[in-house]
Amino acid sequence: MKFHSTRKSTPSIYFSESLLMGLAPDGGLLIPDHFPDFSKSDMAQLALASFQDIAKMIAKSFTEDDLLHNKIDKICDEAFNFPVPLKTLRNDTAFLELYHGPTCAFKDIGARFLASAISQLQSEKKQSLTVLVATSGDTGSAVASAFYKKPFVDVIVLYPHGKISPRQEIQLTCWGENIESFAVQGDFDDCQRMVKQAFLDPWWKTNKNLISANSISVGRILPQTFYYAWASLKYFNETGNKPGFIIPSGNLGNATACLWAKKMGFPIREVVMSTNANHSVLDYALTGVFHPHATLTTLANAMDVGNPSNIERILDFSPDHQEFKNEVKVLSVNDRQIKDTIQNGQKNWGEVFCPHTATAVFVREQLKTPHWIIVATAHPAKFESIVEPLICRTVRIPKALEQILDRPTFKKIIPADLESLKQEII
Ligand SMILES: *Cc1c(COP(=O)(O)O)cnc(C)c1O
């Protein structure tokens, strides 16, 4: 199985090569040449498999004749050492909790698979490389935690100084060893600009062997298909109905993974994206015209994306507007509705939701049809400054997060230019 660019001007490459590549050389995103077909498998049999077993089965089918094929068991065992519960909320609605990893958001799942796979590859080659990542919060902590103490990999995280929550900052600055985080005197766009410059800069290329670990990496999208496959099988086996998924969406990586799982023949009825006030994908669904816009700030800040990269992967499947509308529905949820949903969460569902998950819950409340799985992308304790005033009590902090919050932190503030970063790390 090989991967090619959405822009189709580069030859297909193996999975282990695509892992080390963020964008394809022609500027497109990597997608599989074709998808394995599991639709003829014995679904009742598969439904008995654990999340880890489904993960291994899918990962092996994407790595036939690849260097990593024999390492998949090890990579999955190392990466997925926490539960992924599918909880029944009502007889026609379930809740897929993707926040039991070390940084309490679904990004742990993709980042930990990527980190294990890359460190396997580099340990064989005995070559080190540097992951450079800009973050507005969740991505940086998932990547830092996933690569912490992994041999042959260093990580540099850039985040905007003063623009993230205190708890988010601790999760970025508590590591040490092979992880270095810098508070950049600028905004997220400055951080991203520095990362892009570094990738084009000869000094960084020769001295640092840079790779990216942002959400366009195919090494993060593929592992996200595992939980859609596993949860749909389980729901289908238990209820006899194919579920639809409602996915809190920003850069559209998580929704892309669900569409990939559907393509592989798992029992997924339909895919709905819940977005916040950032509206470029909603506009596309309504008009067939895609116009990126400047990012709008909302309560669901990990979904604040005005120009979602993964639209390119989705349009590659469904270039026609009508086809797109058959494939996915998009519903937008504003801050007022997010607040109301969090406030009424206990009463309506017996749950406390993070602001991102709240968008999917709100959408579920609008849909009249049965059999939905709400994708819960982060633990509410990560966003306590929003959630706690709304529910008028504190949210219990999960053990994993508590352990991180107890660690000592090292903070370095730098000006928003690449030369200053270089001075810090040489
Ligand atoms: C990143 C993130 C999202 C958005 O996911 P995409 O794959 O970018 O669409 C939603 N919720 C949380 C908590 C996130 O961290």
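Arg167 is buried in this predicted model, with a relative accessible area of 17%. That puts Arg167 under the 20% cut-off for buried. Its side chain meets that of Glu384 in a salt bridge, 3.4 Å from N to O. Arg167 sits in helix H7 (residues 166–173) and Glu384 in helix H18 (residues 384–391), so this pair ties together parts that are 217 residues apart in sequence. Glu384 counts as buried too, at 16% relative accessibility.

Why would such side chains pair up at all? Side chains of opposite charge can do so when their charged atoms come close.

Now look at Glu351, whose side chain forms a salt bridge with Lys87 at 2.9 Å, N to O. Here the two partners are 264 residues apart: Glu351 is in the loop between helix H16 (345–349) and helix H17 (355–366), while Lys87 belongs to strand S4 (residues 86–90). Glu351 is buried, with a relative accessible area of 12%, whereas Lys87 is partly exposed at 31%. There's a bit more going on here, too: Lys87, Glu351 and Glu97 are linked in a network of salt bridges.

Next, find Lys56 and Asp77, whose side chains meet in a salt bridge of 2.8 Å, N to O. This one connects helix H3 (residues 51–62), home of Lys56, to helix H4 (residues 72–79), home of Asp77, across 21 residues of the chain. Lys56 counts as buried at 15% relative accessibility, but Asp77 comes out as partly exposed at 44%.

If you want to keep hunting, a search of the whole structure finds 20 salt bridges.

Methods
Residues are numbered from 1 along each chain as its sequence is written. This is a predicted model: local features need pLDDT of at least 70, side-chain atom pairs count only at pLDDT 80 or more; totals for chains, interfaces and linings use all residues. Side-chain values use heavy atoms; hydrogens and water are left out. A salt bridge is a side-chain nitrogen of Lys or Arg within 4 Å of a carboxyl oxygen of Asp or Glu. Helices (H or I, at least four residues) and strands (E, at least two) are DSSP runs, numbered from the N terminus. Buried means under 20% relative accessible area, exposed over 50%, partly exposed in between (1.4 Å probe, protein chains only).
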